[in-house]
Amino acid sequence: MTDKDLQLQEKKEVQTQSESTRNVPLFIPAVDIYEKESSLVLLADMPGVPMEDVEIDVNNDQLTIRGMVSAEESQGTALLREYAVGDYYRQFTLSNVIDQSKIEASMKDGVLKLVLPKAEAAKPRKITVQGA
Amino acid sequence: MAIVRYPRFLDYSNPFQELERMRREMDRLFTGLMGEGGQRISSGVYPAVNIYEGADTFFVEAELPGIKSEDLDIAVEGNTLTLRGQRKGEEEEGLSYHRRERKLGTFHKAVTLPSDVNSEKVSAQFKNGVLKLILPKAEHAKPRKITVKME
């Protein structure tokens, strides 16, 4: 798996209903979502976003991730521009089995990691069958 | 004028790769014509880079999220910059994936800059998944001011 050549993925721009006040493009971050026994883990690629400029909002079952890039003016004239710099925005609908009060977020090397713990009721329970 | 060079060994295991690259190139060319300034022409090789030229420096930027600096190898020779590396994931057993959009793998990209670079003075900064390289031009490649004497 890991010795495969990485293919270039174009950044996908999103259109939101309300216009953003920042004059930068808005992109959909690529995400991985996997499930563990007691939690759901979400990883999102948001290069250029410092930890303090990530906004995570949970409203009922709507999870919103927003990352603001610190746009630094690049000096000089552009010779080649293969990617655009912009903010990140993505929304997910959570199933209500998530314990929304215990969501943990961390940011490392431009990757956001969200740990969404499952609510007690949703954790698998072992049921032992007792013989008569 | 920018010249981008990338490893051109044909991958026989995937003969459509080159075709796919050409298709992307065409797509990009047309979206460029429709607006957007048309300045974005990509070589289609990971990672995407932005190159800027100052008076005596080049600035190269690349987005490399989730790549550790020890897994990144930067080399400069003459006017060629090579970025090589690997993106590794967290290896854990027993995960069931709902979505898997973030790709893992190795990359190798060579970029030719318009002039030679002083490879000893290249500095790199890697922050929040964005690599920023400052490449001072070689002494002989720096612009020289010529004053015209009036007679």
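Is Asn128(B) buried or exposed, and how many C-beta neighbours does Asn128(B) have inside 10 Å? In this predicted model, Asn128(B) counts as buried, because 21 C-beta neighbours lie inside 10 Å and the cut-off for burial is 20 or more. Asn128(B) sits in the loop between strand 8 and strand 9 (130-136) of chain B. Its phi is positive, at about 50 degrees, although Asn128(B) is not a glycine. Most residues other than glycine have a negative phi.

Asp109(A) also has a positive phi of about 50 degrees and is not a glycine. Asp109(A) belongs to the loop between strand 9 (104-108) and strand 10 (111-117) of chain A. Asp109(A) has 17 C-beta neighbours inside 10 Å, so this residue counts as partly exposed.

Strands 8 and 9 of chain B also take part in a sheet. Five strands make up this open sheet, in the order 7(A)-2(B)-3(B)-9(B)-8(B). The pairing is antiparallel. Strand 7 (77-81) of chain A and strand 8 (123-127) of chain B stand at the edges. Each has a single partner strand, so one side of each lacks a neighbour in the sheet. From one strand to the next, the twist averages 15 degrees.

Within the sheet, strand 2 (residues 49-53) and strand 3 (residues 57-63) of chain B pair in the antiparallel sense over five bridges. Val49(B) has Ala62(B), in strand 3 of chain B, as its bridge partner.

The loop between helix 1 (16-33) and strand 2 of chain B holds Pro47(B). A cis peptide bond joins Tyr46(B) to Pro47(B), with omega about -5 degrees. Most peptide bonds are trans.

Technical notes. Residues are numbered from 1 along each chain as its sequence is written. Chains are lettered from A and ligands numbered from 1 in the order in which they are written. This is a predicted model: local features need pLDDT of at least 70, side-chain atom pairs count only at pLDDT 80 or more; totals for chains, interfaces and linings use all residues. Two strands pair if DSSP finds at least two bridges between them. Helices (H or I, at least four residues) and strands (E, at least two) are DSSP runs, numbered from the N terminus. Axes are lines fitted to C-alpha atoms, for helices over the stretch in contact, and angles run from 0 to 180 degrees between N-to-C directions. A residue is buried if 20 or more other C-beta atoms lie within 10 Å of its own, exposed if 12 or fewer, and partly exposed in between; C-beta atoms are placed from the backbone.
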